[in-house]
Amino acid sequence: MRTRITELFNIKYPIIQGGMHFVGLAELASAVSNAGGLGLVTALTQPSPAALADEIAKCRALTGNPFGVNLTFLPAVKPPDYPGYIRAIADGGIKIVETAGNNPAKWMPALKEAGIKVIHKCTAVRHALKAQSIGCDAVSVDGFECGGHPGEDDVPNFILLPRAAEELDIPFIASGGMADARSLVAALALGADGINMGTRFLATKEAPVHENVKQAILAATELDTRLVMRPLRNTERVLNNAGVERILEKEKRLGADINFADIAPEVAGVYPKVMRNGEMDAGAWSCGMVAGLIHDIPTIQDLIERIVKDAERLVSERLGRAFS
């Protein structure tokens, strides 16, 4: 396949693995890259820049293909050592970084000086245009369906992607609701140059998470996610569980008086409990509505090959018949 994204990142297929907390480890990123996509190591899962450097080295030992690093910029009383993480990324020879969270403008000079291509995650066209204006090479456009933070506009990808295509000059990928060949073909038709998959890659053999997580995704339908933290304007789409129900009850009961401390037990420090230990009711963890389209746990190689092969068949046969 050839799109602006495959050419920009020198990858075989325009399929990118989302940077997921306590999931984007070397095992997953290398498997995606080896299968022809673009794998991403999640920087802030690592406790220090030195640990990130080790994870990058581990990933490089597992794949000779391009891979990148996800670096999320979050507001914090004591922020992570972002200069240290960027040095580890540059010193590790990484040439692709996915930024997320706050505007990355402050960090763009250091990234660009290291010859790094930047793709920024956006949930609105206005944010994507801002990313373009500060020098990002590409953007990930995340629709309302996505797991994690969909923003506050609630625009689904059937509208958001063609709007992005109308406004942007730089290439972009579609994120949210992406799971199979239908997703890829639809995203390309709507103007994207590739797709980003998070939840789908969680349900694979190589995903370095507890089996309970994979089985929960397999058992879920498109009706089983919930939006939490909306009163705090930090909306997150998560898979429903007992911990999430506790958050929703607090949000309903406390209304406008709620603050982060009220829900911290169900939000802070949850990912290691869920992803490593399989404590499925510990609290909120990101999951997209696309769970309803996930029916198996394949290897990453099989998944990507299936998506590409089925996409080619969709275009040549089903769509071909429609216009013959």
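**Figure 1. Charges and overall build of the protein chain.** The protein chain carries 34 positive and 38 negative side chains, and the centres of these two sets are 2 Å apart. What you see here is a predicted model. Its secondary structure comes to 14 helices and 10 strands. The radius of gyration is 19 Å, close to the 20 Å that the globule rule gives for 324 residues, so the protein chain is as compact as a globular protein of that length. Taken along the principal axes, the box filled by the C-alpha atoms is roughly 60 × 45 × 40 Å. Of the 324 residues, 52% count as buried. The accessible surface comes to about 14000 Å², with 54% of that area belonging to carbon and sulfur atoms. Contacts also reach along the sequence: among those between residues at least 6 apart, 62% join residues at least 24 apart.

**Figure 2. Helix α4 and its surroundings.** Helix α4 spans residues 82-91. Its buried residues are Tyr 82, Gly 84, Tyr 85, Ile 86, Ala 88 and Ile 89. When you read such a list, it helps to know that an α-helix has 3.6 residues a turn, so residues three or four places apart point the same way. The cover over the buried residues of α4 includes two helices, α3 (49-62) and α5 (108-113), together with the strands β3 (67-73) and β4 (96-101). At the N-terminal end, α4 is capped by Asp 81, which has a side-chain oxygen 3.0 Å from the backbone nitrogen of Gly 84. Just after α4 comes Gly 93, where phi is positive, at about 75 degrees.

**Figure 3. A closer look at Ile 86 in helix α4.** Ile 86 has its place in helix α4. With a relative accessibility of 6%, Ile 86 counts as buried. Setting aside neighbours within four places in sequence, the residues in contact with Ile 86 are Leu 71, Trp 107, Ala 110 and Leu 111. You can also look for Ala 114: this residue is 28 residues from Ile 86 in sequence, and the two C-alpha atoms are 9.3 Å apart in space.

**Figure 4. Thr 99 and its polar contact with His 120.** Look for Thr 99 in strand β4. Thr 99 counts as buried, at 0% relative accessibility. The Thr 99 side chain makes a polar contact with the side chain of His 120, at 2.7 Å. Beyond its neighbours within four places in sequence, Thr 99 is in contact with Leu 71, Phe 73, Pro 104, Leu 111, Val 118, Ile 119, His 120 and Lys 121. Leu 71 and Leu 111 may look familiar, for they are also among the contacts of Ile 86.

**Figure 5. Gln 17 in strand β1.** Gln 17 has its place in strand β1. This residue counts as buried, at 0% relative accessibility. The side chain of Gln 17 reaches the backbone nitrogen of Leu 40 at 2.7 Å. Leaving aside neighbours within four places in sequence, Gln 17 is in contact with ten residues' worth of company to explore, including Gly 24, Leu 28, Ala 29, Val 32, Leu 38, Gly 39, Leu 40, Asn 196, Met 197 and Phe 201.

**Figure 6. Val 32 in helix α2.** The place of Val 32 is in helix α2. Val 32 is buried, with a relative accessible area of 0%. Gln 17 appears again here: once neighbours within four places in sequence are left aside, the contacts of Val 32 are Gln 17, Gly 37, Leu 38, Gly 39, Phe 201, Ile 300 and Ile 304. Arg 237 is 205 residues from Val 32 in sequence, and their C-alpha atoms are 24 Å apart in space.

**Figure 7. Two loop residues with a positive phi.** Most residues other than glycine have a negative phi. Asn 10 is not a glycine, yet its phi is positive, at about 55 degrees. This residue is found in the loop between α1 (4-9) and β1 (15-17). Phe 22 is not a glycine either, and its phi is positive at about 60 degrees. Phe 22 lies in the loop between β1 and α2 (26-34). Which of the two is buried, and which is exposed? Asn 10 is exposed, with a relative accessible area of 62%, whereas Phe 22 counts as buried at 14% relative accessibility.

Notes
Residues numbered from 1 in each chain as written. Predicted model: local features only at pLDDT ≥ 70, side-chain atom pairs only at ≥ 80, totals over all residues. Heavy atoms only, no water. Buried < 20%, exposed > 50% of the residue type's maximum accessible area, 1.4 Å probe, protein only. Helix = DSSP H or I, 4+ residues; strand = E, 2+ residues; numbered from the N terminus. Contact = heavy atoms within 4.5 Å. Polar contact = N/O pair within 3.5 Å; in protein donor to acceptor, adjacent residues only side chain to side chain. Rg over C-alpha atoms; globule rule 2.2 N^0.38 Å. Areas by Shrake-Rupley, 256 points an atom, 1.4 Å probe, with all protein chains shown as cover. Lys, Arg positive; Asp, Glu negative; His and termini not counted. Charge placed at Lys NZ, Arg CZ, Asp CG, Glu CD.
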